[in-house]
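Me: I am new to this one. Show it to me, and I will ask how each label is earned.

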Amino acid sequence: MDPIREAHLSEPGLLVIDVAGCDDATVFAFQAAIARLWGTSTAEHTTRDVGQPGVRLRLYTDLRQVLEEASPPEPERTAT
């Protein structure tokens with residue numbers, strides 16, 4: 001595979017994530033895991049480099065936007 005292209009963002013906490021994997025299922029599973037944790041602009045399709053094995057996926061993530069389900073629930077306190 002060709003090297004991943006560098007991208008610069010204007011604000012701290014924003015990420016561009018380029019994922020390379022052997023198949024669509026692998027990179028979409030990675031994307032789903034990231035999207036459960038942070039605000040993420042998900043991709044609907046992968047790209048392929050002609051003559052190269054594997055697929056690529058680019059997604060944009062905002063680390064400042066933590067999703068509530070990513071945080072473990074607080075244990076309930078009981079009065080004793």
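Reply: Start with contacts, where contact means heavy atoms within 4.5 Å. Among contacts between residues at least 6 apart in sequence, 61% join residues at least 24 apart. This is a predicted model: local features need pLDDT of at least 70, side-chain atom pairs count only at pLDDT 80 or more, and totals for chains, interfaces and linings use all residues. Residues are numbered from 1 along each chain as its sequence is written, and side-chain values use heavy atoms, with hydrogens and water left out.

Me: What elements does the protein have, and in what order do they run?

Reply: The protein has one helix and three strands. From the N terminus on, the order is β-α-β-β. Helices (H or I, at least four residues) and strands (E, at least two) are DSSP runs, numbered from the N terminus.

Me: How do you know that the length of helix 1 fits its number of residues?

Reply: Set the span against the expected one, which is 1.5 Å times one less than the number of residues. Helix 1 covers residues 24–37, which is 14 residues. The expected span is therefore 20 Å. The end C-alpha atoms are 21 Å apart, so the two agree.

Me: Which residues of helix 1 are buried?

Reply: They are Val27, Gln31 and Ile34. Buried means under 20% relative accessible area, exposed means over 50%, and partly exposed lies in between (1.4 Å probe, protein chains only).

Me: What puts the buried residues on the same side of helix 1?

Reply: They cover an arc of only 65° around the axis, so they sit on the same side of helix 1. The arc is that of the directions from the helix axis to the C-beta atoms. An α-helix has 3.6 residues a turn, so residues three or four places apart point the same way. The buried residues of helix 1 pack against strand 1, strand 2 and strand 3.

Me: What makes Asp23 a cap of helix 1?

Reply: A side-chain oxygen of Asp23 lies 3.4 Å from the backbone nitrogen of Ala25. A polar contact is a pair of N or O atoms within 3.5 Å; within protein, one must be able to donate a hydrogen and the other to accept it, and residues adjacent in sequence count only if both atoms are side-chain atoms. The cap is at the N-terminal end of helix 1.

Me: Why is the pair of Asp18 and Arg58 called a salt bridge?

Reply: A salt bridge is a side-chain nitrogen of Lys or Arg within 4 Å of a carboxyl oxygen of Asp or Glu. The N to O distance between Asp18 and Arg58 is 2.7 Å, so the pair qualifies. The two lie 40 residues apart, with Asp18 in strand 1 (residues 14–21) and Arg58 in strand 3 (residues 55–66). Asp18 is partly exposed at 23%. Arg58 is partly exposed too, at 26%.

Me: How many salt bridges does the structure hold?

Reply: It holds four. Among them is Arg56 with Asp49, at 3.5 Å between the closest N and O atoms. Another joins Arg64 and Asp62 at 2.9 Å, N to O. Side chains of opposite charge can pair when their charged atoms come close.

Me: Why is Arg56 called buried or partly exposed?

Reply: The value for Arg56 is 15%, under the 20% cut-off, so Arg56 is buried. Asp49 has 22%, so Asp49 counts as partly exposed.

Me: How do you know whether Asp62 is buried or exposed?

Reply: Asp62 has 16% relative accessibility, which means buried. Asp62 is found in strand 3. Leaving aside residues up to four places away in sequence, Asp62 touches Gly13, Leu14, Trp38 and Gly39. Arg64 has 49%, so Arg64 counts as partly exposed.

Me: Why is Thr46 called buried or partly exposed?

Reply: Thr46 has 15% relative accessibility, so Thr46 counts as buried. Its place is in the loop between strand 2 and strand 3. A polar contact of 2.7 Å joins the side chains of Thr46 and Asp24. Beyond its neighbours within four places in sequence, Thr46 is in contact with residues including Val27, Phe28 and Leu57.

Me: And what makes Thr47 buried or partly exposed?

Reply: Thr47 has 43%, so Thr47 is partly exposed. Thr47 touches Val55 and Arg56, not counting residues up to four places away in sequence.
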